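Me: I'd like a close look at one part of this protein, where helices pack against each other. Please walk me through it step by step, and then show me how the neighbouring parts fit in.

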Amino acid sequence: MLGAINTAPMSTASMSMAPRAVPHSFMLRAKFSRWAAVHWSAGILLVSSRWRRSLAPIHLSRSRTGLVASRAHSSKPVGLHFFSDSNFKPLRDQFVNSVVDKDIKLNETIVEDLNVIKQRTAGGVPVYQFKTKLLMDALEDAESEEVMLISDVDIQFLGEVMPFVQQGIAGRDMCFQREFTKLGVNIGFVAIRRTPAAIDFWHHVWKELPSGRHDKRIVNNLLYTNKVPNLRWGCFPPEIWASSQAFDGLTIPKEIALHHANWIIRDYSGDGGADASNPTAKLQQLSELRRAVQEESDIKQEEIAQRIREDPDLAIYHQRMPFDKGLLGDLSIQ
């Protein structure tokens, strides 16, 4: 069972991340929304209500000493939905503090404990089901044709992403981050348009989650086998970067706008090396790449990419991807 919903007010001081400055005008708008009790098919989670915070969008401009925040207004901001628990608060804080686009409104769901299965990738079925239900609820609340984003918190923004979102979702129901440069999709950062096809797709995902398979594998199988034939989908360019793309990408993109620390090199010999609830390795990768980008150091960026590329576990994972490598090219943004 999930722990209690965290309703403690957030402090702007707790969101600080050197060398960033978060303004006092960074306002929170909180609301309760009743969520009918949901019994997950796996028999693990029961949630009776949800605490959601809508964070007013902030704009962050680049400088040599970091990103300096300033309040910005937008008439029609795009909602970015994300969630975390107490274990992932450090990741959550860096995620929120890194937002660059002025046209993004952060919609946050916090729970005390997501019941992460520590030895399962991305936390196992409890996390897969929570994220999918959050996404389906957000789609249900959206207006017809409205575009929304859903994101994991092991992500940092290094530039504006909305130009990529607007290009990627144009004429499509969904646009995904790439898993590898030329193979598969990642669901850590997804743009979704509220259409019947998009809703139908995520209902298919929901029905398959009790199998225990990774949600990302379910999504890829549905996409590549065309189980929802009317679905229009594509992939963002590598500038919306996932670290697994280091395997078959030449290097970290020059104009990287987003970094998803989805692939980290784990030390299985140490304490917590395989613990999905331990964010330490992800935080280290996020911090190291941010410094390399701010310093405009191609050498340091290549060193990061090379370490990831040479991880033997990543090569094994790539070989296990069952999809035709030619499929992604026609559907992705060039």
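Is the crossing of α1 and α6 left-handed or right-handed? Please start there and work outwards.

Reply: The crossing of α1 and α6 is left-handed. Keep in mind that this is a predicted model.

Now the details of that pair. Helix α1 covers residues 89-97, and helix α6 covers residues 280-294. Their axes come within 9 Å. They cross at roughly 25°. Angles under 35 degrees count as roughly parallel, so α1 and α6 are roughly parallel to each other. Look next at who touches whom. From α1 come P90, L91 and Q94. From α6 come K282, L283 and L286. Of the residues in this contact of α1 with α6, four are nonpolar, one is polar and one is charged.

Two numbers have carried this description. In general, a pair of packed helices is described by the angle between the axes and by the distance between them. Use the same approach on a second pair.

Find helix α4, residues 196-208, and helix α5, residues 215-224. Their axes come within 10 Å and cross at roughly 130°. That angle makes α4 oblique to α5. The crossing of α4 past α5 is right-handed. On the α4 side, the contact uses F201, W202, H204, V205 and E208. On the α5 side, it uses I218, V219, L222 and L223. Here the contact of α4 with α5 has seven nonpolar residues, one polar and one charged.

Stay with α5 for a moment. Is it mostly covered or mostly open? It is mostly covered, with eight of its 10 residues buried. Among the buried ones are I218, V219, L222 and L223. You met those four in the contact with α4. D215 and K216 are also buried. So are N220 and Y224.

What follows α5? The helix is followed by N226, whose phi is positive, near 55°. N226 sits in the loop between α5 and β11. Most residues other than glycine have a negative phi. N226 is a residue other than glycine with a positive value. At 46% relative accessibility, N226 counts as partly exposed.

Now return to α6 and follow the chain onwards. The loop between α6 and α7 holds E296. Its phi is near 55° as well, again a positive value in a residue other than glycine. E296 counts as exposed, at 62% relative accessibility. Helix α7 covers residues 298-309 and contains I304. I304 is buried, with a relative accessible area of 4%. Beyond its close sequence neighbours, up to four places away, I304 touches E288, L289 and A292. The C-alpha atoms of I304 and Q285 are separated by 8.3 Å, although the two are 19 residues apart along the chain.

Next, the inside of the protein. In soluble globular proteins, nonpolar side chains tend to be buried together. The largest nonpolar core here has 36 residues. F176, I192, F201, W202, V219 and L223 have the most contacts inside it. Elements giving two or more residues to this core include α4 and α5, along with α2, β9 and β10. The largest share, nine residues, comes from α2. F176 shows how the parts meet. Leaving aside neighbours within four places in sequence, its contacts include W202, V219 and L223. Other partners of F176 include V185, I187, W233 and F236. Apart from this core lies another, of 30 residues, with V96, F157, C175 and A261 among them.

F236 leads to one more helix. F164 is found in α3, residues 162-169. F164 is buried, with a relative accessible area of 18%. F164 and F236 are 72 residues apart in sequence, but 6.9 Å apart in space, C-alpha to C-alpha. Besides F236, the contacts of F164 more than four places away in sequence are P237, E239, I240 and A257.

Finally, step back. The protein chain has nine helices and 13 strands. Of its 334 residues, 54% are buried. Among contacts with a separation of 6 or more, 74% join residues 24 or more positions apart.

Methods: Residues are numbered from 1 along each chain as its sequence is written. This is a predicted model: local features need pLDDT of at least 70, side-chain atom pairs count only at pLDDT 80 or more; totals for chains, interfaces and linings use all residues. Side-chain values use heavy atoms; hydrogens and water are left out. Axes are lines fitted to C-alpha atoms, for helices over the stretch in contact, and angles run from 0 to 180 degrees between N-to-C directions. Angles under 35 degrees count as roughly parallel, over 145 as roughly antiparallel, 65 to 115 as roughly perpendicular and the rest as oblique. A crossing is left-handed if the near helix is turned anticlockwise from the far one by less than a right angle, and right-handed if clockwise. Contact means heavy atoms within 4.5 Å. Ala, Val, Leu, Ile, Met, Phe, Trp, Tyr, Cys and Pro count as nonpolar, Asp, Glu, Lys and Arg as charged, and the others, Gly among them, as polar. A nonpolar core is a set of buried Ala, Val, Leu, Ile, Met, Phe, Trp, Tyr and Cys residues joined through side-chain atoms within 4.5 Å. Buried means under 20% relative accessible area, exposed over 50%, partly exposed in between (1.4 Å probe, protein chains only).
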